[in-house]
Amino acid sequence: MTTAPSPSGAEHMDGSSVRLGALVPLTRPGWVEAGRHLLAGLDLAVREVNDAGGIDGRPLELVVRDTMADGERAAAAVDELADLGVAAVAGEYHSVVARAVASRADALGVPFLCSSAVLDALTEEPTEWVARLAPAQSHGWRIYADFLLGAGRRRIAVATQPGVYWASGTRILRDHLAPGGGTVVELDTTALTPESLCDMLVDQGATALLLLVGHPEPAVPIVKAVRRDRRLAEILIGAPAGQPEFAEWAAMLGGEGTGIPFLRYLPERLGPLGERVGKELRERLGEAPSFVAFEGWDTVAVLADVLRSDGTDRAAIAEAWPRVTVEGTRGLIRFSRTPGVSVRQWAWTPIQVVDRDPAELDRFRILHVG
């Protein structure tokens, strides 16, 4: 497992460090680019906390573990981090992995602030130990369904893979589209080649194809096949899970990866804090920061605020979730109890439906705001 170096910006502080566990996917089959952006946000915020004096004079230390998109590995990491004395655990991008982390954190009594994962039920039963910044899947994907209806796309095909996250997304879309006259047909990518999937799209008369599959496989081959099939010139390809957000998508698909709407958790315009942090993240990453990088920064901002006000006792941190009022890069962060969501939830981060502009690959067009 990967361990972080000494805490950034903490070289001249006295006293033992306050440790935070950070769980991120840094190697395959995890979504490595998402993990890199998440870690960049976490690490930048830790450096800024330490540059400002740390936590009551003690440096904040990030102890990083690579989840590799593996729930069992991540749950074991929670045990290890708890034994190392972390005050709280933060991060994770993959929803199924975050669910394993949340369950283990709840069982051990370790506060977990989930940065990016969206699956509604992160725990089987409501818990006080877990809070989340990212919007619940049911909230964001309903906004995406509204976008589809507004665009006149009612005959929806979803290219799917087995998994709780994809199955949940399909159910949300079906339930929300039906009252507006929308229908959803599932196409199992484990049983179809990209070419046979194109044939099914023609047979079904689909007006939109949503990629409820992993990246780069099988998402990239599917996009290439659909884009090159003249019968499907008018079909909308969509990716509510956000695959086109990262530079790797543009590098692998070029112009074929543009015009594919996805969910993005950013406001239409960043405020002064968001602009400043965005500039710092761009310098660290060498590219435009994704919303995932902002989620990482916001995570540490919340935890640092709680640690300053309530100390490092784990129970005190969890008890502080309802009192959080923190200015994040994307708005004022507060946690509440939300129907159908098992953890303390920021309701809600700003949500956009955007795509990459066919005329300018690195430019994003805002199509719909939730």
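Colleague: Where is Trp-348 found?

Modeller: In this predicted model, Trp-348 is found in the loop between strand 13 and strand 14 (352-357). A cis peptide bond joins Ala-347 and Trp-348, with omega at about -5°.

Colleague: Which other peptide bond is cis, with omega near 5°?

Modeller: The bond from Arg-28 to Pro-29 is cis. Pro-29 lies in the loop between strand 1 (18-24) and helix 1 (32-51). As a rule, most peptide bonds are trans.

Colleague: What makes the phi of Met-68 worth a remark?

Modeller: Phi of Met-68 is near 55°, a positive value in a residue other than glycine. In general, most residues other than glycine have a negative phi. Met-68 is placed in the loop between strand 2 and helix 2 (71-83). Glu-92 also has a positive phi, of about 70°, although it is not a glycine. Glu-92 is found in the loop between strand 3 and helix 3.

Colleague: Why is Glu-92 called buried, and why is Met-68 called partly exposed?

Modeller: Buried requires a relative accessible area under 20%, and exposed one over 50%. Glu-92 has 0%, so Glu-92 is buried. Met-68 has 26%, which lies between the two cut-offs, and therefore Met-68 counts as partly exposed.

Colleague: How do you know that Ala-206 is buried, and in which loop does Ala-206 lie?

Modeller: The relative accessible area of Ala-206 is 13%, which is under 20%, so Ala-206 is buried. Ala-206 lies in the loop between helix 6 (194-204) and strand 8. The C-alpha atoms of Ala-206 and Leu-113 are separated by 39 Å, and these residues are 93 residues apart along the chain.

Colleague: What makes Phe-262 and Phe-364 an aromatic pair that is edge-to-face?

Modeller: Two ring centres must lie within 6.5 Å, and planes over 60 degrees apart count as edge-to-face. A search of the whole structure finds eight aromatic pairs. In the pair of Phe-262 and Phe-364, the centres are 6.0 Å apart and the planes make 80°, so both conditions are met. The pair links distant parts of the chain: Phe-262 is in strand 10 (residues 262-264) and Phe-364 is in strand 15, 102 residues apart. Phe-262 has a relative accessibility of 0% and therefore counts as buried.

Colleague: How do you know that Tyr-265 and Phe-291 form an aromatic pair that is edge-to-face?

Modeller: For Tyr-265 and Phe-291 the values are 4.9 Å centre to centre and 65° between the planes. The distance is within 6.5 Å and the angle is over 60 degrees, so the pair is edge-to-face. Tyr-265 lies in the loop between strand 10 and helix 9, and Phe-291 in helix 10 (residues 291-310), so the pair ties together parts that are 26 residues apart in sequence. Tyr-265 is buried at 6% relative accessible area, and Phe-291 is buried at 4%.

Colleague: What makes strand 6 mostly covered?

Modeller: Of the six residues of strand 6 (residues 155-160), five are buried. Strand 6 pairs in the parallel sense with strand 7 (residues 183-188) over six bridges.

Colleague: How does the chain cross from strand 6 to strand 7?

Modeller: The chain passes through helix 5, and this β-α-β crossover is right-handed. Arg-155 has Thr-183 of strand 7 as its bridge partner.

Colleague: How do you know that strand 6 and strand 8 pair?

Modeller: Pairing needs at least two bridges. Strand 6 and strand 8 (residues 208-212) have five, in the parallel sense, so they pair. Ile-156 stands opposite Ala-208 in strand 8.

Colleague: Why are strand 2 and strand 13 called edge strands?

Modeller: An open sheet of six strands has the order 2-1-3-4-5-13, with parallel pairing. Strand 2 (60-66) and strand 13 (344-345) each pair on one side only, and they are the edge strands.

Colleague: What lines the largest pocket?

Modeller: The largest pocket holds about 640 Å³ of space. It is lined by 30 residues, and the closest to its centre are Tyr-93, His-94, Ser-95, Tyr-165 and Trp-166. By class, its lining has 19 nonpolar, ten polar and one charged residues.

Note on methods:
Residues numbered from 1 in each chain as written. Predicted model: local features only at pLDDT ≥ 70, side-chain atom pairs only at ≥ 80, totals over all residues. Heavy atoms only, no water. 1 Å grid on protein atoms, 1.4 Å probe; cavity = no way out; pocket = protein on both sides within 12 Å on 5 of 7 lines; lining within 4 Å. Points joined across faces, edges and corners; volume = space filled by probe spheres on them. Nonpolar A, V, L, I, M, F, W, Y, C, P; charged D, E, K, R; others polar. Buried < 20%, exposed > 50% of the residue type's maximum accessible area, 1.4 Å probe, protein only. Helix = DSSP H or I, 4+ residues; strand = E, 2+ residues; numbered from the N terminus. Right-handed = clockwise from strand over helix to strand, strands pointing away. Phe/Tyr/Trp six-rings, centres within 6.5 Å; stacked < 30°, edge-to-face > 60°.
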